[in-house]
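Work through the exercises below with the coordinates open. Try each task before you read its solution.

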Amino acid sequence: MATIIDGKAVSAAIREEIAKEVETFKAQTGVTPGLAVIIVGEDPASTVYVRNKHKACLDVGMFSEVRRMKEETTEEELLAVIDEMNRDDKLHGILVQLPLPKHIDEKKVIRAISASKDVDAFHPENVGKIMIGDYDLLPCTPAGVMALLDYYKVEIQGKECVVIGRSNIVGKPQALLLLERNGTVTVCHSRTKNLSEVTRRADILVAAVGRPRFVTADMVKEGAVVIDVGINRDENGRLVGDVDFEAVEKKASAITPVPGGVGPMTITMLLKNTLTAARVALKK
Ligand code: NAD
């Protein structure tokens with residue numbers, strides 16, 4: 001039976017550490033690290049995510065501002081708020097909850113956030129910095145995966161790492177982070193041929209596909225570490241990952257559950273980024 005990688009427990013431990021660091025930072029600088037989250041519209045999932053981010057900030061002693069904007073908000077209005085927040089010294093991190101309504105250009109919005117406050121690390125400047133391995137901020141979900149691997153002391157160097165998915169938010173940066181740690185990295189995607197042949201090579205398999213129970217036991221090598229980034233609803237409305245957990249668990253040496261695996265780590269890494277951004281801003 002596989003070790004169940006407990007993202008909730010790891011997340012709680014890291015958040016406790018962050019809370020202590022925030023306290024020290026405040027004592028040293030007199031400044032409270034601050035995060036602003038902007039939400040446009042009332043998408044139910046986004047509303048829950050934003051509420052969780054706000055609460056998580058307060059729990060570790062950070063300042064949190066949530067700016068709720070109407071669905072009909074124009075791009076111009078949103079850019080004006082970002083501009084105001086870029087210049088607000090209370091705020092060290094700014095996050096615009098995605099997806100945005102169709103009439104707003106997401107790329108333009110991401111570029112408008114000051115790179116030093118871009119705690120999602122989606123700005124081209126931050127993406128470029130990650131590419132050359134000289135960064136302060138990392139995208140939260142892939143960073144959360146790395147933190148889980150480290151917490152469970154999974155060796156990455158020299159290992160076959162296979163990432164399924166090549167999105168800018170998860171797959172691509174995940175591959176870069178594994179490469180930075182000297183993994184031998186393969187990225188698979190919707191046009192990959194003989195997918196299971198490739199995934200069966202993996203010592204570390206990361207699934208970021210967005211399809212319920214996509215990764216089946218025959219796609220996994222005996223003893224592999226399997227990280228499931230997916231958050232999906234199955235046909236019964238149940239929250240499931242990209243991995244067929246029940247079957248794969250019997251083959252893997254370690255596996256993340258959904259929920260309770262990668263999910264909780266994402267907000268934890270957002271808190272870490274906010275503290276890092278505050279440190280960089282105050283040179284501490
Ligand atoms: P995306 O839709 O942007 O990307 C999916 C990727 O899967 C694409 O690169 C595509 O090429 C690949 N893919 C699709 N079908 C495939 C197939 N048949 N074979 C191989 N590859 C295939 O999704 P995303 O934003 O990267 O998110 C992926 C999943 O992770 C979703 O379920 C999402 O909800 C979840 N997610 C979770 C967190 C978290 O906090 N845990 C954060 C972000 C995303």
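Four exercises follow, on a predicted model.

**Exercise 1. The ligand site**

Task: Find which residues come nearest to the ligand, and list backbone polar contacts to the ligand.

Solution:
- Step 1. Collect the shell. It holds 21 residues, and Arg 166, Ser 167, His 189, Ile 231 and Thr 266 come nearest.
- Step 2. Look for N or O pairs within 3.5 Å. A polar backbone atom of Arg 166 sits 2.8 Å from a ligand oxygen.
- Step 3. Move to His 189. One of its backbone N or O atoms is 3.4 Å from a nitrogen atom of the ligand.
- Step 4. Go on to Ser 190. A polar backbone atom of this residue lies 3.1 Å from an oxygen atom of the ligand.
- Step 5. Compute the cover. The ligand alone exposes 860 Å², and the protein buries 73% of that.
- Step 6. Sort the shell by residue class. Nine residues are nonpolar, ten are polar and two are charged.

**Exercise 2. A helix pair**

Task: Describe how helix 6 and helix 7 pack, and name the residues that meet.

Solution:
- Step 1. Choose the descriptors. Two packed helices are described by the angle between their axes and the distance between the axes.
- Step 2. Apply them. Helix 6 spans residues 140–151 and helix 7 spans residues 171–180; they pack at about 35 degrees, with axes 8 Å apart.
- Step 3. Assign the hand. The crossing of these two helices is right-handed.
- Step 4. List the contacts. Helix 6 supplies Thr 141, Pro 142, Ala 143, Val 145, Met 146 and Leu 149. Helix 7 supplies Pro 173, Gln 174, Leu 177 and Leu 178.
- Step 5. Classify them. Eight of the contact residues are nonpolar, two are polar and none is charged.

**Exercise 3. The surroundings of Leu 98**

Task: Place Leu 98 in the fold and find its contacts beyond four places in sequence.

Solution:
- Step 1. Locate the residue. Leu 98 is in the loop between strand 4 (93–96) and helix 4 (106–112).
- Step 2. Skip neighbours within four places in sequence. Leu 98 then contacts Ser 46, Glu 106, Ile 110 and Phe 122.
- Step 3. Check a pair far apart in sequence. Ile 38 is 60 residues away along the chain, and the two C-alpha atoms are 9.4 Å apart.

**Exercise 4. Backbone exceptions**

Task: Which peptide bonds are cis, and which residue has a positive phi although it is not a glycine?

Solution:
- Step 1. Set the expectation. Most residues other than glycine have a negative phi, and most peptide bonds are trans.
- Step 2. Scan omega. The bond joining Leu 98 and Pro 99 is cis, with omega about 0 degrees. Pro 99 is in the loop between strand 4 and helix 4.
- Step 3. Continue along the chain. The bond from Val 258 to Pro 259 is also cis, with omega near 0 degrees. Pro 259 is in the loop between strand 11 (254–255) and helix 10 (263–282).
- Step 4. Scan phi. Ala 121 has a positive value of about 60 degrees. Its loop lies between helix 4 and helix 5 (124–131).

Technical notes:
Residues are numbered from 1 along each chain as its sequence is written. This is a predicted model: local features need pLDDT of at least 70, side-chain atom pairs count only at pLDDT 80 or more; totals for chains, interfaces and linings use all residues. Side-chain values use heavy atoms; hydrogens and water are left out. A residue is near a molecule or strand if one of its heavy atoms lies within 4 Å of it. A polar contact is a pair of N or O atoms within 3.5 Å; within protein, one must be able to donate a hydrogen and the other to accept it, and residues adjacent in sequence count only if both atoms are side-chain atoms. Accessible areas come from the Shrake-Rupley method with a 1.4 Å probe; for residues, only the protein chains shown count as cover. Ala, Val, Leu, Ile, Met, Phe, Trp, Tyr, Cys and Pro count as nonpolar, Asp, Glu, Lys and Arg as charged, and the others, Gly among them, as polar. Axes are lines fitted to C-alpha atoms, for helices over the stretch in contact, and angles run from 0 to 180 degrees between N-to-C directions. A crossing is left-handed if the near helix is turned anticlockwise from the far one by less than a right angle, and right-handed if clockwise. Contact means heavy atoms within 4.5 Å.
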